[in-house]
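Subject: Structure handover

Hi,

Here is the structure I promised to pass on. My notes on it follow below.

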Amino acid sequence: MADEGRPGLVDLRSDTVTRPTPGMRRAMAEAEVGDDVYGEDPAVRALEERVADLFGHEAALFVPSGTMGNQIGMRLVCEPGQEVLCDADAHVVTYEMGAAAAVFGISTRTVVSDGGLLDADALLAQVRPRDDWHLTATAAVAVENTHNRGGGRVQPLEQLQRLWDASRGAGFAVHLDGARIWNAAAASGLDLATYGRLADTASVCFSKGLGTPVGSVLVASADRIATGRLWRKRLGGGMRQVGVLAAACRYALDHHLPRLAEDHEHARLLAKRLGVDPATVQTNMVVLDDVPAPVVAEAAKARGVLVSQVSPRRIRLVTHLDVDRAAVDRAADVLADLLDR
C-alpha cells in the first residue's frame, strides 16, 4: 500500500517510518493508564512482565528509545573507566552519538567484522582482563542482532553461544542490542528466550519491525532493572501516563510479530527483481552495492520511492508493514529502471 499520509509514496528508507494501524490506535485510545514514575501504570507493568518472560529474564524496563535502552543496559554492566568491546559497525558506537563516553565515562573499543557478522573468537582475543591495572578492563561485549549496517544479518547461534560461554569464565558481561531481534527470531525459527538467555542485558525495540510509534524495553535481572530505573530517571526518561504507548507495544506483539516473515519475503522479492541474490537477504533489508547512491536516491524520490543512502556507493532498502506486495512491485519497477536491471 502507498503511504497513507503521502499518497503514491513507497518509503523504503527504514522500518521506523511506519504509522500506527487503526487497530493499534484503538488499543492506545482504550489503554488503562497510571503514573509510571510511581510504578502505577498497569499497561506498562503488563508489558514489562510480558517482555521479561519472553526473553527469559527476571525483569524489564520500558524506555523511550532503543538508544536509551542500549546505553542504560551497558552502564548496568560497565563502570566508568571500563570498556565495552564491539564490532566497528555496531549501532552503539556508530549511531548513538558517543553516549557511552559522553554520559557515562565508558570507553569503547571496536574490532572490524565481516559485514557485521559475529566472530566470537575475534572479540575474545581482544578482551582485556580486570586484574591488570595497566589496562582498561573489558567489562562487557555488545552484540547487535540483527545487524543494521550488516544489512539485517542474523547472528549465528553458535557464535552467540561461544561468546556467552567464554564470558562466564572471563568475567565480562554480554549486552544485546536487539533492536531487530524480532526479525532474527522470525528468520531463524529460534524463540526469543534462546536469544535472551545469552545476554546479561538486552534492549529490544518496538518502533521498527513491530511498527509502534515509540518505545523499547530493557531486560535484565531484577536487581539490574531496579538500578536501571534510577538511570532512566536521571536521563529524563521518567514517563507518566505512558500506558498509551505500552498498549501499542502489546498490540504489536499480538498482531505484528507474527507477520514479520511477510516483510522478509517482500525483501527477497525486491532483491530478486534488482539482481541481488535473494539467498543473501536474511530479514527485511536489501543492500545495493556499487551504485551511484545520491543520483539513484534523488531520481527514485522524484518517482515516489524513498531509499536510504548508506554511503556514496551503497543504498539500503527496508521492507515493513506499510509496504505491501503492490508497493514492492512498484518500487522494484522504479529502481530496476533507474539501475538498468
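Start with helix α3, residues 66–77. At 1.5 Å a residue, its 12 residues should span 16 Å, and the end C-alpha atoms are 17 Å apart, so the helix agrees with expectation. Bear in mind that this is a predicted model.

Is α3 mostly covered or mostly open? Mostly covered: 11 of its 12 residues are buried. The buried set begins with Gly66 and takes in Met68, Gly69, Asn70, Gln71 and Ile72. Gly73, Met74, Arg75, Leu76 and Val77 complete the buried set. Note that Asn70, Gln71 and Arg75 are among these buried residues.

Next, the cores. In soluble globular proteins, nonpolar side chains tend to be buried together. Here the largest nonpolar core holds 50 residues. Leu47, Val51, Phe62, Ile181, Trp182, Phe206 and Val217 have the most contacts inside this core. Its biggest contributor is helix α11 (residues 243–255), which supplies 7 residues. Another core, of 28 residues, lies apart from it; Leu274, Val281, Leu317 and Ala332 are among its members.

Phe62 deserves a look of its own. What does Phe62 touch, leaving aside neighbours within four places in sequence? Its contacts include Val44, Leu47 and Glu48. Gly215, Ser216 and Val217 are also in contact with Phe62. So are Arg232, Met239, Val242, Leu245, Ala246 and Cys249. Two of these partners, Leu47 and Val217, are also listed with Phe62 among the residues with the most contacts inside the largest core.

Now the sheet. An open sheet of 3 strands runs in the order β9-β12-β11, with antiparallel pairing. β9 (285–289) and β11 (308–311) are the edge strands, each pairing on one side only. Neighbouring strands are turned by 30° against each other on average, direction ignored. β9 and β12 (residues 314–318) pair in the antiparallel sense over 5 bridges. Within that pairing, Leu288 stands opposite Ile315 in β12.

Last, Val93. It sits in helix α4 (residues 91–94). Is Val93 buried or partly exposed? Its relative accessibility is 28%, and buried means under 20%, so Val93 counts as partly exposed. Leaving aside neighbours within four places in sequence, Val93 is in contact with Cys86, Asp87, Ala88, Thr108 and Thr110. As for Leu321, 228 residues from Val93 along the chain, the C-alpha atoms of the two are separated by 28 Å.

Best wishes

Definitions and conventions
Residues numbered from 1 in each chain as written. Predicted model: local features only at pLDDT ≥ 70, side-chain atom pairs only at ≥ 80, totals over all residues. Heavy atoms only, no water. Helix = DSSP H or I, 4+ residues; strand = E, 2+ residues; numbered from the N terminus. Expected span 1.5 Å × (residues − 1). Buried < 20%, exposed > 50% of the residue type's maximum accessible area, 1.4 Å probe, protein only. Pairing = 2+ DSSP bridges. Axes fitted to C-alpha atoms, helices over the stretch in contact; angles between N-to-C directions. Contact = heavy atoms within 4.5 Å. Core = buried A, V, L, I, M, F, W, Y, C linked by side-chain atoms within 4.5 Å.
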